[in-house]
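Me: Got a minute to go through this one with me? I'd like to start at the ligand and then look at the helices.

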Amino acid sequence: MKHLISIDQYNYQSLHTLFEKVDKEEYGFIETSYPKKGQIATLFYEPSTRTSASFHSAATQLGYSVLSINEVNYSSVTKGETLEDTIKTIGSYVDLIVLRHGEKGASKRAASISQVPIINAGDGIGEHPTQTLLDLYTIWKEKSKIDGLNITLMGDLKNGRTVHSLIKILRLFNVHINLISPSSLKLPNEYLKHSDQESTQFLPYAATTDVLYVTRVQKERGSKEEYKLSLSELNQLPKTAIVLHPLPRRKELPITFDNDPRAKYFQQIKNGLLVRKALLRQFLENN
Ligand code: NCD
């Protein structure tokens, strides 16, 4: 794998191999290497907290330095520089580029001309494969399996890229999928399968859900309809269920649920660092 552009690049076997490596990261130590092993760039055309910070941490913990361009407004992008020229430029300084961009397909475009590996950290309403890897890893760790689970995806299924990548990879498993969203924010047909249950209501699905994955309204992509879950609705979930959210959250998940043992969205963040360390090792060190 030269670049990581889409979750489609993974299969059952390569996921398994990756997850075994992530497990090892958990018990790993912080490597300090002098001189530094090399450098990665985080090039973000859209806002980010967790994705950029976790790649930054992962890289520095492995002994790499980071060129972070998180505010492209201060770069030549405002002078009209193309994505291609920017990638060629940054790629002359670093060993790998983590790219977030507002256009679907931007990472693919970047990869087609880049001399260094590109990792897609979100391309518009397209995909967010590294988020999906940490989502799936979290499910696997928390439930000890993926096959056989009843998974409810709820929120802005139309414009949320994390859901788009996640549902693609879930197709590799024998899972039952419920899709809960306001009617204007339904999952696009290209991701839909006839066995999926679609609804605007959460409650009828609560009691049978093993994994609830909630996302926020993507206002910046034109989504308007609001929704939120109440504590009493969340309490209808089985005691063994888990609740995930890629974050940031708005009003869809009440903070009063945060201390419930089923709330795993902060664990997801921790897993994100481990997954990204394993990925950087794979891309930069071939192991
Ligand atoms: C997500 C994203 O950027 O798509 N954030 C993240 O990386 N954790 C989700 C979102 O912004 O809603």
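Reply: Sure. Starting at the ligand, one of its oxygen atoms has a polar side-chain atom of Arg216 at 2.7 Å. Keep in mind that this is a predicted model.

Me: How far from a ligand oxygen is the polar side-chain atom of Arg161?

Reply: That distance is 2.8 Å for Arg161. Arg100 also has a polar side-chain atom by a ligand oxygen, at 3.1 Å.

Me: And which residues surround the ligand?

Reply: Besides Arg100, Arg161 and Arg216, the list has Thr51, His128, Gln131, Thr162, Gln218, Pro246, Leu247 and Pro248.

Me: What kind of peptide bond joins Leu247 and Pro248?

Reply: A cis one, with omega at about 10°. In general, most peptide bonds are trans. Pro248 sits in the loop that runs between β9 (242–244) and α9.

Me: OK, on to helices. At what angle do α5 and α6 pack?

Reply: About 55°, and the axes of α5 (residues 129–143) and α6 (residues 161–170) are 8 Å apart. That angle makes α5 oblique to α6. The crossing is right-handed.

Me: Which residues make that contact?

Reply: From α5 you have Pro129, Gln131, Thr132, Asp135 and Leu136, and from α6 Thr162, Ser165, Leu166, Ile169 and Leu170. Sorted by class, the contact of α5 with α6 has five nonpolar residues, four polar and one charged. Gln131 and Thr162 came up before, since they are also among the residues around the ligand.

Me: What about the loop between α5 and β5, which residue did you flag there?

Reply: Ser144 is in that loop, with β5 covering 150–154. Its phi is near 65°, which is positive although Ser144 isn't a glycine. Most residues other than glycine have a negative phi.

Me: Back to α9. Where do α1 and α9 stand relative to each other, what's the crossing angle?

Reply: Roughly 115°, with the axes of α1 (residues 12–26) and α9 (residues 265–285) coming within 8 Å. So α1 is roughly perpendicular to α9. This crossing is right-handed.

Me: Which α1 residues meet α9?

Reply: Leu18, Lys21, Val22, Glu25 and Glu26 do, and they meet Leu274, Val275, Lys277, Ala278, Leu279, Arg281 and Gln282 in α9. By class, the contact of α1 with α9 comes to six nonpolar residues, one polar and five charged.

Methods. Residues numbered from 1 in each chain as written. Predicted model: local features only at pLDDT ≥ 70, side-chain atom pairs only at ≥ 80, totals over all residues. Heavy atoms only, no water. Axes fitted to C-alpha atoms, helices over the stretch in contact; angles between N-to-C directions. Helix = DSSP H or I, 4+ residues; strand = E, 2+ residues; numbered from the N terminus. Parallel < 35°, antiparallel > 145°, perpendicular 65-115°, else oblique. Left-handed = near helix turned anticlockwise from the far one by under 90°. Contact = heavy atoms within 4.5 Å. Nonpolar A, V, L, I, M, F, W, Y, C, P; charged D, E, K, R; others polar. Near = heavy atom within 4 Å. Polar contact = N/O pair within 3.5 Å; in protein donor to acceptor, adjacent residues only side chain to side chain.
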